[in-house]
Amino acid sequence: MELLAYVTMSSLDAVREKALKLDYDSVDQGTQMEGHPAGAGGGSKAKTLTFELVSQHFSVPINQAARELNVGLTVLKERCRELGIPRWPHRKLQSVQKLIDDVQELGKDTDLTRFVVESLQETKKLIEERPEVPLDDKTKQLSQACYKETWKRKRGSRVNTQHRAS
């Protein structure tokens, strides 16, 4: 919740305004890269990568996103840096989604559980809008607590299984 407090709409707009258009006319269309046939994607037609276009692919690994956007991995990474995306957020989003699933599985159906899940969903949405924002300490602590509880449950079930086998 503290993480969301310092994020304002004006700062989000500033990040989106940085989304400059990148002209691919200067890229040599005759060079064929692995997985990218020469001339694929319209030849001399100028392509642009905006924050909105790139952010639609945050849910997949960067290699897959580059293929889907029909650009090279290096070009996508360079464009992401220009847009203010220092690291591809796929794994961070996966981590927050797993945390949401774990809280729902481990927690009881209480108001507190619903509040935590809603807060995590807001954090996930924020990451999708501003991938450079780090996870707050409370989210990290919750992740560690869920991991520990899951590990204890798995270990407990393994010990019970071993005792039955003896």
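N70 counts as partly exposed, because its relative accessibility is 25%. You will find N70 in the loop between α4 and α5, where α5 covers residues 73-82. Have a look at the backbone there. N70 is not a glycine, and still its phi is positive, at about 60°. What you have on the screen is a predicted model, so please keep that in mind for everything I say.

Now the two helices on either side of that loop. At what angle do α4 and α5 pack? The angle is about 100°, and the axes are 9 Å apart. α4 and α5 are therefore roughly perpendicular to each other. On the α4 side, the residues in this contact are I62, N63, A65, A66 and L69. On the α5 side, they meet L73, L76 and K77. Sorted by type, the residues of this contact give 6 nonpolar, 1 polar and 1 charged.

Let me step back to the whole chain. How many helices and how many strands are there in the protein? The count is 8 helices and 0 strands. Read from the N terminus, the order of elements is α-α-α-α-α-α-α-α. The protein has 166 residues, and 28% of them count as buried. The exposed surface comes to about 11200 Å², and carbon and sulfur atoms supply 52% of that. Then there are the contacts between residues at least 6 apart in sequence: 69% of these join residues at least 24 apart.

Next, confidence. The average pLDDT of the protein is 75, and 66% of the residues score at least 70. Where is confidence lowest, and where is it highest? The lowest is helix α1, residues 2-5, with a mean of 31. The highest is helix α4, residues 62-69, at 96. Over residues 1-46 the pLDDT is below 50, and in the model this stretch has 68 contacts beyond near neighbours in sequence.

On to the other helix pair, α6 and α7. α6 spans residues 90-106 and α7 spans residues 111-129. Their axes come within 10 Å and cross at roughly 170°. That crossing angle makes α6 roughly antiparallel to α7. Which residues meet there? From α6 we have K92, L93, V96, Q97, L99, I100, V103 and Q104. From α7 we have T113, V116, V117, L120, Q121, K124, I127 and E128. By type, this contact divides into 9 nonpolar, 4 polar and 3 charged.

I will pick three residues of α7 and go through them one at a time.

The first one is K124, in helix α7. If we set aside residues up to four places away in sequence, K124 touches L93, V96 and Q97. There is also a distance to note: K124 and Q94 are 30 residues apart along the chain, and their C-alpha atoms are separated by 9.2 Å.

The next one is E128, also placed in helix α7. Is E128 buried or exposed? Neither label fits, because its relative accessible area is 35%, and E128 is partly exposed. Leaving out neighbours within four places in sequence, E128 is in contact with F51, S55, F58 and L93. E128 and K92 are 36 residues apart in sequence, and from C-alpha to C-alpha they are 9.7 Å apart in space.

The last one is T123, which lies in helix α7. How does T123 count, buried or exposed? T123 has a relative accessible area of 4%, so T123 is buried. T123 and L135 are 12 residues apart in sequence, while their C-alpha atoms are 8.0 Å apart in space.

To recap the two helix pairs: α4 and α5 are roughly perpendicular, and α6 is roughly antiparallel to α7. As for the α7 residues, T123 is buried and E128 is partly exposed. And when you look at residues 1-46, remember that the pLDDT there is below 50.

Notes:
Residues numbered from 1 in each chain as written. Predicted model: local features only at pLDDT ≥ 70, side-chain atom pairs only at ≥ 80, totals over all residues. Heavy atoms only, no water. Axes fitted to C-alpha atoms, helices over the stretch in contact; angles between N-to-C directions. Helix = DSSP H or I, 4+ residues; strand = E, 2+ residues; numbered from the N terminus. Parallel < 35°, antiparallel > 145°, perpendicular 65-115°, else oblique. Contact = heavy atoms within 4.5 Å. Nonpolar A, V, L, I, M, F, W, Y, C, P; charged D, E, K, R; others polar. Buried < 20%, exposed > 50% of the residue type's maximum accessible area, 1.4 Å probe, protein only. Areas by Shrake-Rupley, 256 points an atom, 1.4 Å probe, with all protein chains shown as cover. pLDDT = per-residue confidence, 0-100.
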